[in-house]
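Let's take a walk through this structure together, one part at a time. Keep the viewer open as you read.

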Amino acid sequence: MSSSSASENSLALLRANIDRSVRWPVLLFFTSAGFWFLASIILGMISTWGLLSPDTFSGCAMLQYGRVQSAHTTALVYGFGFNLAFGMILWLMHRLCRLPMKAPAVPFIAGHFWNIAISVGILFILGGVNSGLEWLEFPKQVGPALLISYIAIALWAFVPFTQRDQPQTYVSLWFLVAALFAFPALYLPTQIMVHIVPGAAVMSAAINHWYIGGLLFLFFTPVAVASVFYFVPKVSGRPLFSFSLGVLSFWALILLGGWTGLQRLIGGPLPAWMTAISGTATFLLIIPALFIWINTRATLAERSRLVTYSATLRFSYAASIGLVIATVFGGLTTFPSVFKLTGMTQGALSVQIAIMLGVFMFAGFGAIYFIIPRLCGCEWRSGSAIRFHFWFTTYAVIMLLAMYLVGGFWQGDATYELEGTWKVVSDSVRPYYIGRMLGWVLLLIANFSFVINLWAMIFGRGRKAGTATLLHEVDGMDKDLFVPESAETSKA
Amino acid sequence: MSVRTFYLGLLAAFGLPWVFLVAVPYGEMTASDVTMVDESIGQTYPQTKAGFIEYGNRIYASEGCFQCHSQMVRTTDVSVDPYRYESELGSPVRESRPEDYLGEDYAFLGVQRIGPDLANIGITKPRDIKKATGVDTVDPADVRQWHMEHLFDPRLINEWSNMPSYQHLFEKRRIQGQKSDSALNINVGEGYEVVPTERAEALVTYLMSLKKNDPTGPPKAEEPAEDDEA
């Protein structure tokens with residue numbers, strides 16, 4: 001046996017050890033994310049239906065729009081978003097640092113506490129206890145439980161970073177560690193300055209928006225980018241096109257992300273410089289987004305046809321495109337001429353949808369399609385099921401984004417109709433509620449089938465074959481793409 | 001990049017926005033004293049809010065009203081908010097300022113406007129009723145009744161409205177003796193009446209108190225310089 005194949009074998013053994021060590025916490029977080037995603041979509045459907053037919057749930061207080069919409073966003077952010085992020089972070093950190101997880105029971109138990117805390121919080125919201133802060137609607141008593149659970153999980157993800165024995169730090173690690181610090185750096189000051197030592201009421205609202213902007217661009221986006229920068233080189237079998245461009249995009253994203261959020265309050269009762277800074281930072285985020293997309297595209301280079309075959313690559317590449325679209329949306333809606341129409345409409349919310357669903361969700365699914373076979377010891381059952389998941393999810397997200405943004409334009413335009421009642425505004429946006437409903441239904445169908453496939457894998461009902469499930473039969477011309485170093489085919 | 005540079009960079013990335021966008025304005029706005037006294041009528045602005053209004057404020061949050069309604073009049077360069085009020089009131093209201101929210105725990109600036117802005121509903125609703133009925137002086141009880149009916153079933157008032165019905169804030173009960181004073185003027189069956197719960201009373205009291213048009217000091221930029229006064 002040659003020394004290179006011996007080292008390959010020991011690396012494969014190490015990877016298998018790592019996968020075994022992180023198995024239970026990561027499976028817990030991925031399955032929880034699946035559950036919360038379906039719950040969040042159903043709550044989103046109920047809330048949208050409430051706008052179309054408000055008397056449907058008139059006898060049921062907990063299904064009224066205000067409560068359900070709050071439950072929907074919190075389920076999406078803390079249920080789906082954080083659980084998926086925890087799973088991705090734990091697996092990626094241990095793989096990148098080449099260290100198995102010690103005492104996996106700790107994040108496993110902390111994960112249960114996290115999920116119990118958000119379940120209690122959402123039940124309280126539906127029951128009529130709501131703090132009134134967007135994305136922080138949980139009653140304030142839930143806050144400490146969330147923070148303690150988070151710290152336990154984050155510590156377990158951070159420890160391998162301090163103990164790694166690698167000559168160079170891969171760029172994904174910078175994004176992941178930044179994301180790990182971001183949540184407490186945003187959540188703790190927000191809780192203190194809004195709930196414990198509240199200042200001026202307007203400042204509480206400003207802090208709330210700063211928190212949302214930070215969570216989008218300092219937590220969810222970095223986790224998504226770390227995943228894209230890890231899986232695209234891994235699956236395509238090519239090194240990242242430019243490490244320097246990766247580091248540049250990291251600093252551009254991290255240094256700008258913390259200034260965003262307040263642009264939604266342009267023209268409001270805050271000093272104009274605050275919203276102007278936020279607007280400028282949001283607009284400039286197009287730069288790191290472009291860097292990230294260019295780096296991803298250039299990494300694929302002549303192997304870009306692999307996107308046709310690999311689920312991980314397809315979802316990850318879609319996430320990098322989604323990031324450009326999301327930041328263009330964000331940039332556009334800060335222009336005064338556009339903000340005049342989209343300000344205080346559902347158009348302003350399109351950026352949140354774009355980041356959470358168009359970027360983070362795609363990157364997360366890309367990661368799940370790679371990680372789950374390695375944790376469950378079997379392969380996804382069918383390529384056509386993954387294709388179905390990809391296309392239905394893509395159409396659903398495009399539909400939702402279009403409905404939020406275009407509907408927002410008409411909603412804003414109608415407010416300029418100064419004569420007459422609010423009926424003009426209500427009527428203008430109604431067709432887009434129907435479109436939104438359709439978007440949620442598509443997303444539910446796609447992800448219901450995905451969650452079933454996920455559970456089938458966990459119960460070992462996947463394919464037992466040793467090669468990865470491809471989305472299509474390999475075309476004769478593309479056979480040379482499947483070189484041994486391609487991770488999906490070699491099952492590294 | 002060394003780990004040390006990385007941590008310093010993170011500190012700057014998280015710390016600088018927090019200091020300049022959060023901590024400094026937090027300190028300045030919390031410390032600023034904008035109390036004004038109109039000596040001609042002996043009124044202090046901003047006006048103190050009663051505890052029951054505070055309770056109504058919490059119901060407003062609990063029911064998620066902020067998801068559909070804003071409470072801010074934005075500047076005319078990015079909105080027509082003041083002119084919307086002008087079309088209802090006959091004169092524009094001024095743009096909202098931080099001091100309009102003093103005494104509140106949290107400024108419900110809003111998520112989006114599925115329904116109209118409520119920053120000044122305490123002024124606009126009496127005005128609407130005045131226009132509709134032609135009376136000179138509007139009885140607050142009539143305004144209260146309008147809000148109650150609107151909350152109970154918004155379609156009773158505007159059949160096109162997509163606002164939810166807040167029937168859970170009311171109690172339907174058998175009339176015992178005389179009809180209750182607070183009963184809504186709606187027919188819910190022979191021998192029955194609908195009365196607001198304490199939560200509905202608090203919410204309506206809060207809505208009727210919403211008025212973000214109190215006199216305030218001029219913005220700093222407009223304050224006359226000392227030299228001019230001399």
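The paragraphs below go from the layout of one chain to cores, surface, salt bridges and cysteines.

Please keep in mind throughout that this is a predicted model. A good place to begin is chain B, which has 8 helices and 4 strands. Read from the N terminus, its elements follow the order α-β-β-α-α-α-α-α-β-β-α-α. Chain B holds 230 residues, and 45% of them count as buried. If you look at its contacts with a separation of 6 or more, 62% are between residues 24 or more positions apart. The chain exposes about 11600 Å², with 51% of that area supplied by carbon and sulfur atoms.

Now for the interior. The largest nonpolar core has 217 residues, and Y78(A), F82(A), F183(A) and L215(A) are those with the most contacts inside it. Helix α6 of chain A, residues 201-236, gives this core its largest share, 25 residues. To see what such a residue meets, select Y78(A) and leave out residues up to four places away in sequence: its contacts include the aromatic residues W114(A), W135(A), F138(A), F183(A) and Y211(A), and also I118(A), L136(A), L146(A) and L215(A). N83(A) is another residue that Y78(A) touches. Apart from the largest core lies another one, of 5 residues, and V73(B), Y85(B), L89(B) and V93(B) are among them.

Helix α3 of chain A is worth a stop, and two of its residues make a nice pair to look at. I125(A) is found in this helix and is buried, because its relative accessibility is 0%. What does I125(A) contact, leaving aside its neighbours within four places in sequence? The answer is R67(A), S70(A), A71(A), T74(A), N130(A), E137(A) and F138(A). Its C-alpha atom is also 9.7 Å from that of Q69(A), although the two are 56 residues apart along the chain. V120(A) has its place in helix α3 as well, which spans residues 105-127, but V120(A) is partly exposed, at 35% relative accessibility. V120(A) belongs to a nonpolar patch on the surface, together with I109(A), F113(A), I116(A), F124(A) and V129(A). The patch has about 520 Å² of accessible area in total.

Next come the charged side chains. The count over all chains is 15 salt bridges, and three of those in chain B can be followed one by one. R199(B) pairs with E63(B), and their closest N and O atoms are 3.1 Å apart. This pair links distant parts of the chain, 136 residues apart: R199(B) is in helix α7 (residues 198-209), while E63(B) is in the loop between α2 (51-62) and α3 (81-89). R199(B) is partly exposed, with a relative accessible area of 27%, whereas E63(B) is buried at 0%.

A pair within one helix comes next. D128(B) and K125(B) form a salt bridge, with 2.9 Å between the closest N and O atoms. Both lie in helix α4 of chain B (residues 121-133), 3 residues apart, which is about one turn of the helix. Is K125(B) buried or exposed? K125(B) counts as buried, because its relative accessibility is 10%, while D128(B) is partly exposed at 25%.

The third pair joins two strands. The side chains of R173(B) and E193(B) meet in a salt bridge of 3.0 Å, N to O. R173(B) sits in strand β3 (residues 170-174) and E193(B) in strand β4 (residues 192-196), 20 residues apart. Here R173(B) is partly exposed at 31% relative accessibility, and E193(B) is buried at 3%. Beyond these pairs, R74(B), D81(B), R113(B) and D117(B) are joined into one network by salt bridges that share partners.

Finally, what about the cysteines? A disulfide is a covalent bond between the sulfur atoms of two cysteines. The count of disulfides over all chains is 0. Take C65(B) as an example: the closest cysteine sulfur to its own is in C68(B), 8.2 Å away, so the two are too far apart for a bond. The cut-off used for a disulfide is 2.5 Å. C65(B) is buried, with a relative accessible area of 12%, and C68(B) also counts as buried, at 12%.

Notes:
Residues numbered from 1 in each chain as written. Chains lettered and ligands numbered in written order. Predicted model: local features only at pLDDT ≥ 70, side-chain atom pairs only at ≥ 80, totals over all residues. Heavy atoms only, no water. Buried < 20%, exposed > 50% of the residue type's maximum accessible area, 1.4 Å probe, protein only. Patch = residues over 30% accessible without salt bridge, like charges linked within 9 Å, V, L, I, M, F, W, Y side chains within 5 Å. Areas by Shrake-Rupley, 256 points an atom, 1.4 Å probe, with all protein chains shown as cover. Salt bridge = Lys/Arg side-chain N within 4 Å of Asp/Glu carboxyl O. Contact = heavy atoms within 4.5 Å. Core = buried A, V, L, I, M, F, W, Y, C linked by side-chain atoms within 4.5 Å.
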